[in-house]
Amino acid sequence: MNDWTGVLQLEAEERKGKTVAKKVYFRGAFKVMRPIYHDDSGQACYYLLNPGGGYLDGDRYHMKITLGENARLTLTTQGATKVYKTPTDYAYQESEIFLGAGSYLEYIPDPLIAYQNAKYKQKNVIRMDRSATFLYSDILTPGWSPGGERFSYKTVHLLNEIYMEDELVVYDHIKLKPTEQNINGLGFMEGYSHLGSMMVISEQADSTFLDQLYTAFDEKSYDCKVGLSLLPVNGFTIRVLANSTQVIEKIFSDIHQMISLEWFQSKPSSLRKY
């Protein structure tokens with residue numbers, strides 16, 4: 001389509017124990033850096049770039065990621081996704097992700113910051129083999145506003161659809177409209193300002209590992225609310241309500257580290273951008 005503000009296509013495959021790009025294409029206000037290999041596991045790390053510095057009125061972004069059999073990839077951003085006021089039309093990002101047998105994708109973007117009068121919609125469609133592993137997180141942060149209001153954006157709409165063998169197995173939908181909802185009330189932000197979501201799908205996400213997660217949260221004290229739900233397939237989703245990005249990042253980092261140690265006998269690499 002020619003009406004996209006930015007387009008990115010990345011296809012990766014495993015070659016002799018190392019994940020390499022088979023195809024990389026980008027156009028407009030969307031780019032990707034050369035891959036970084038943080039250790040000798042062969043897992044590639046790609047940083048997404050938005051040269052425009054933020055999402056503006058009517059911006060449209062499309063991303064397509066394909067991992068071949070046994071490919072291992074970390075996908076992150078260079079900085080926060082900033083959505084500025086969109087008086088006429090919402091900003092939109094759509095991602096299509098295809099995960100082959102035995103592949104592993106960590107998609108860990110920096111926080112989404114919605115500023116005053118921002119309207120934003122994001123849709124992720126994941127089609128994965130049952131033997132693949134998918135780890136995804138997002139953090140929603142309210143942006144600065146002249147009056148100091150915590151929820152001055154118009155709407156934020158986040159949608160995740162996950163398919164296995166063309167069957168919809170997970171449908172995750174968040175829609176926040178502060179002008180129409182009691183955003184501080186029960187079932188919404190409940191007095192907190194930041195929302196974090198993490199989704200993990202893997203054949204290794206069994207009841208024993210989930211018991212370990214519950215125990216880990218019992219042992220730690222965070223100034224937040226944490227909810228963990230099982231998915232219809234092997235996996236779980238976690239929601240975190242907090243008053244800072246750092247608290248949510250710490251929880252997600254702890255979970256990520258547990259997964260890396262338990263499932264892959266490794267430590268996750270630092271994704272620091274500074």
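What follows is a walk through two empty spaces in this predicted model, one open pocket and one enclosed cavity.

The second largest pocket is the place to start, with a volume of about 390 Å³. Its lining is made up of 25 residues, and those closest to the centre of the pocket are Tyr55, Thr77, Gly79, Ala80 and Thr81. Looking at the lining by secondary structure, the elements that each contribute two or more residues are the strands β4 (44-49), β7 (81-83), β11 (119-128) and β12 (133-142), and of the contributing elements β12 gives the most, with four residues. In chemical terms, the lining of this pocket divides into 13 nonpolar, nine polar and three charged residues.

Enclosed space can be considered next. Rolling a probe the size of a water molecule over the atoms shows where empty space is left. When the whole structure is searched, two cavities of 30 Å³ or more are found, and the second largest cavity holds about 30 Å³ of space. The residues around the second largest cavity are Tyr136, Asp138, Asn160, Asp172, Ser197, Met198, Met199, Thr237 and Arg239. Two or more of these lining residues come from each of β12, β15 (194-201) and β17 (235-242), with β15 giving the most, namely three residues. By class, the lining of the second largest cavity has three nonpolar, three polar and three charged residues.

The strand β12 links the two descriptions, since this strand gives four residues to the lining of the second largest pocket and is also among the elements that give two or more residues to the lining of the second largest cavity.

How values were computed
Residues numbered from 1 in each chain as written. Predicted model: local features only at pLDDT ≥ 70, side-chain atom pairs only at ≥ 80, totals over all residues. Heavy atoms only, no water. 1 Å grid on protein atoms, 1.4 Å probe; cavity = no way out; pocket = protein on both sides within 12 Å on 5 of 7 lines; lining within 4 Å. Points joined across faces, edges and corners; volume = space filled by probe spheres on them. Nonpolar A, V, L, I, M, F, W, Y, C, P; charged D, E, K, R; others polar.
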